[in-house]
Amino acid sequence: MSKLDDLIDFKTGRQKRVIYSDPDIYEQELEKIFARSWLFVAHVCQIKEPGDFIRTFMGEDEVLVVRQKDGGVKAFLNSCTHRGNRLCKADHGNKKTFVCNYHGWGFGTDGALNGVPLEKEAYYNKLDKGKFGLIEVAQIKNYKGLIFATFDEEAPSLEEYLGEMKWYLDSWLDAMPEGTELIGTAMKVELPVNWKLPVENVSGDGYHLGWAHAGAMTVTSSLTVGGLEVGNTGTDNDGAVSVAGLNGHTVLAALDGQSGYGFYPDPTIPLQYLKDNRETVIGRLGKYRGEHLWGSQINLTIFPNLQMLPGLNWFRIYHPKGPGKFEMWTWAMVDKEMSDELKQMILDNVSRTFGPAGLFDNDDGDNLQAITEQSRGWRTRQMDVYTNMAIGGEQTRDEMPGVVSDGLVCEQNQRYVYRRWLEMMNADSWADIPNYNSLEEARATEGK
Amino acid sequence: MVQAADDVYLALQRELFHEARLLSAADYDGWVSMLADNIKYSMDMPQRRFIEDKSNDRAPKKTPIFDDDMAALKMRIERFKTGFVWAENPINSIRHIISNVEVFETKTDNEFTVYSIMEVHRSRLDAERKRLTAGRKDLWQVSETGYKLVKRTATLDDGVVLDSNMNFFF
């Protein structure tokens with residue numbers, strides 16, 4: 001048993017609060033989790049033409065994701081190889097050459113060092129420019145429009161990393177023939193919160209909806225997801241599931257095929273879109289996903305830091321900035337086939353509900369900040385917190401992969417997120433990180 | 001652009017200060033009475049782009065923080081009134097500071113363009129203090145019941161919002 005094992009108890013659903021505040025644990029997270037996982041870096045729609053780039057983060061490392069002349073995509077550390085200056089300060093744009101502001105070293109979109117001022121006079125033409133190209137990520141891969149990268153050469157393929165989670169992801173990414181796109185720019189907010197708290201919240205916490213968001217639920221009124229209503233009273237969870245045991249990835253899903261649009265002031269237009277296209281989607285995904293997942297309110301979590309909510313159409317990544325701080329970037333994501341009118345309606349709704357002034361988002365910040373702060377004191381950091389709801393409710397269902405529990409008010413998913421966290425924190429290499437996509441596999445690999 | 005007459009300038013500056021006091025006191029019914037029914041209330045935040053960047057047609061449109069009509073504003077206000085917005089209980093201290101007011105005539109006799117800078121100070125809990133600044137461009141209209149705000153377009157100065165909620169108006 002390692003020192004870390006005491007931090008998480010998967011069976012009883014217990015975590016030590018110190019994981020939200022300890023600087024040493026955070027340093028290990030950067031190394032063991034962020035430097036080894038496949039992390040979302042860009043949507044293909046953000047970098048369409050050669051030279052198009054996005055500046056983003058992998059953990060605390062700043063990277064540039066650049067469309068290549070041959071149509072491929074590369075990602076580099078956004079740092080000059082000479083003295084380490086930040087190479088590019090823009091959020092996005094198009095460049096033929098990235099020139100460092102310090103001494104003028106110039107790098108091509110392929111990362112090669114092409115230009116060095118005073119190369120002849122100061123370096124006597126002896127600088128081996130081939131050795132000073134930008135530092136590339138170890139692996140980069142596109143999954144149905146989402147580009148992921150990892151710093152770890154040993155990481156399994158992206159397909160294997162996503163595993164059976166692909167079945168759920170496809171219910172959005174591959175539902176319509178032309179796929180998805182992000183619309184608008186990222187809404188960016190910095191929060192004084194440990195990065196794991198929003199992840200666990202969206203991964204499985206249906207419990208807080210009726211209480212933490214009571215004000216927003218009251219005024220947006222039309223939402224009734226899986227029997228959950230304002231005031232935490234509704235726990236009749238027929239028609240909704242929590243799914244985990246998918247290598248740390250999780251799903252929280254209503255299964256009614258339309259509830260995601262219940263937040264809309266006028267759901268007529270999105271519901272008509274679902275009606276008009278449901279047959280197409282059934283043709284592509286089959287009857288079960290076409291009827292029950294497509295259009296439903298679903299929370300998808302790709303471990304460790306990417307979350308998307310088809311139905312509400314938001315797409316979000318968390319960039320850690322120390323144990324007590326992260327940046328949250330939120331976009332609206334839509335099907336390309338949607339009308340401009342519907343896309344605009346979705347963009348407005350994402351901003352109004354989950355933007356920086358979002359009716360719902362503005363309820364979460366204070367709670368998660370307070371938890372972070374209540375994990376810092378000498379006494380509080382020794383204490384535990386719990387995700388011990390619905391223990392023993394795990395099932396297998398024929399119609400869907402993963403470990404399934406009934407309902408949205410269920411803490412199964414958080415337990416699996418922290419199980420994955422511990423597995424990665426304890427592992428010396430990917431060879432020691434178990435691979436599981438079902439209840440049987442999850443049980444067989446538990447504690448290994 | 002033609003500067004408005006001094007009496008108009010003074011009257012509109014008085015409106016801005018009055019509005020700021022209502023917003024700081026969270027007197028939202030009082031505030032709504034200063035808005036035209038067809039109010040268009042919007043705010044966005046900057047993108048960091050190279051001056052010479054040529055990807056304009058491919059670049060994404062800025063996502064607004066606020067892009068509200070009267071119905072949307074009232075929904076936000078109704079949320080505050082539910083008594084369920086736990087983040088605002090106890091009441092937090094907030095100051096809306098208005099500066100750099102300029103008033104110009106428009107092509108329409110009874111409408112004026114008003115530029116101002118707003119600085120919001122928020123003090124919460126113990127030693128938590130946040131400061132947000134934004135530039136505003138307004139359209140104010142003279143109506144039978146006095147000046148009404150018809151349109152406000154604001155840009156927050158930060159590329160990343162440095163507060164965990166925006167439970168206020170600007």
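Helices and strands here are DSSP runs, numbered from the N terminus. With that in hand, keep in mind that you are looking at a predicted model, and let's start with a loop in chain B. Pro90(B) sits between helix H3 (70-81) and strand S3 (93-105) of chain B, in the loop that links them. The peptide bond leading into this proline, from Asn89(B) to Pro90(B), is cis, with omega near 5°.

Chain A has a cis peptide bond as well, between Phe303(A) and Pro304(A), where omega is about 5°. Look for Pro304(A) in the loop between strand S16 (298-302) and strand S17 (306-309) of chain A. While you're browsing the loops of chain A, stop at Asn247(A), which is not a glycine and yet has a positive phi, near 50°. You'll find Asn247(A) between strand S14 (240-246) and strand S15 (249-254) of chain A, again in a loop.

How far can you trust chain A? Its mean pLDDT is 93, and 95% of its residues reach 70 or more. One stretch needs care, though: over residues 223-237 of chain A the pLDDT is below 50, although this stretch has 33 contacts in the model beyond near neighbours in sequence. Where pLDDT is low, the predicted coordinates should not be read in detail.

Next, see how two helices of chain A meet. The axes of helix H1 (residues 23-34) and helix H12 (residues 412-426) of chain A come within 9 Å and cross at roughly 85°. Angles from 65 to 115 degrees count as roughly perpendicular, and H1(A) and H12(A) are therefore roughly perpendicular to each other. On the H1(A) side, the residues involved are Ile25(A), Gln28(A), Glu29(A), Lys32(A) and Ile33(A), and they meet Trp421(A), Met424(A) and Met425(A) from H12(A). By type, the residues of this contact split into five nonpolar, one polar and two charged.

Salt bridges come next. Over all chains, the count is 42. One to pick out is the pair Asp91(A) and Arg55(A), whose side chains meet at 3.2 Å, N to O. This pair ties together distant parts of the chain, 36 residues apart: Asp91(A) is in the loop between strand S6 (73-77) and strand S7 (92-94) of chain A, while Arg55(A) is in strand S4 (residues 52-58) of chain A.

Finally, turn to where the two chains touch. Chain A puts 45 residues into the contact and chain B puts in 41. Between them, the chains bury about 3,700 Å², with 56% of that on carbon and sulfur atoms. How many salt bridges are there between chain B and chain A? The count is five. As a salt bridge you can look up, try Glu52(B) with Lys95(A), whose side chains meet at 3.0 Å, N to O.

Terms used. Residues are numbered from 1 along each chain as its sequence is written. Chains are lettered from A and ligands numbered from 1 in the order in which they are written. This is a predicted model: local features need pLDDT of at least 70, side-chain atom pairs count only at pLDDT 80 or more; totals for chains, interfaces and linings use all residues. Side-chain values use heavy atoms; hydrogens and water are left out. Axes are lines fitted to C-alpha atoms, for helices over the stretch in contact, and angles run from 0 to 180 degrees between N-to-C directions. Helices (H or I, at least four residues) and strands (E, at least two) are DSSP runs, numbered from the N terminus. Angles under 35 degrees count as roughly parallel, over 145 as roughly antiparallel, 65 to 115 as roughly perpendicular and the rest as oblique. Contact means heavy atoms within 4.5 Å. Ala, Val, Leu, Ile, Met, Phe, Trp, Tyr, Cys and Pro count as nonpolar, Asp, Glu, Lys and Arg as charged, and the others, Gly among them, as polar. pLDDT is the predictor's confidence in each residue, from 0 to 100. Buried area is the accessible area (1.4 Å probe) that two parts lose on being put together, summed over both. A salt bridge is a side-chain nitrogen of Lys or Arg within 4 Å of a carboxyl oxygen of Asp or Glu.
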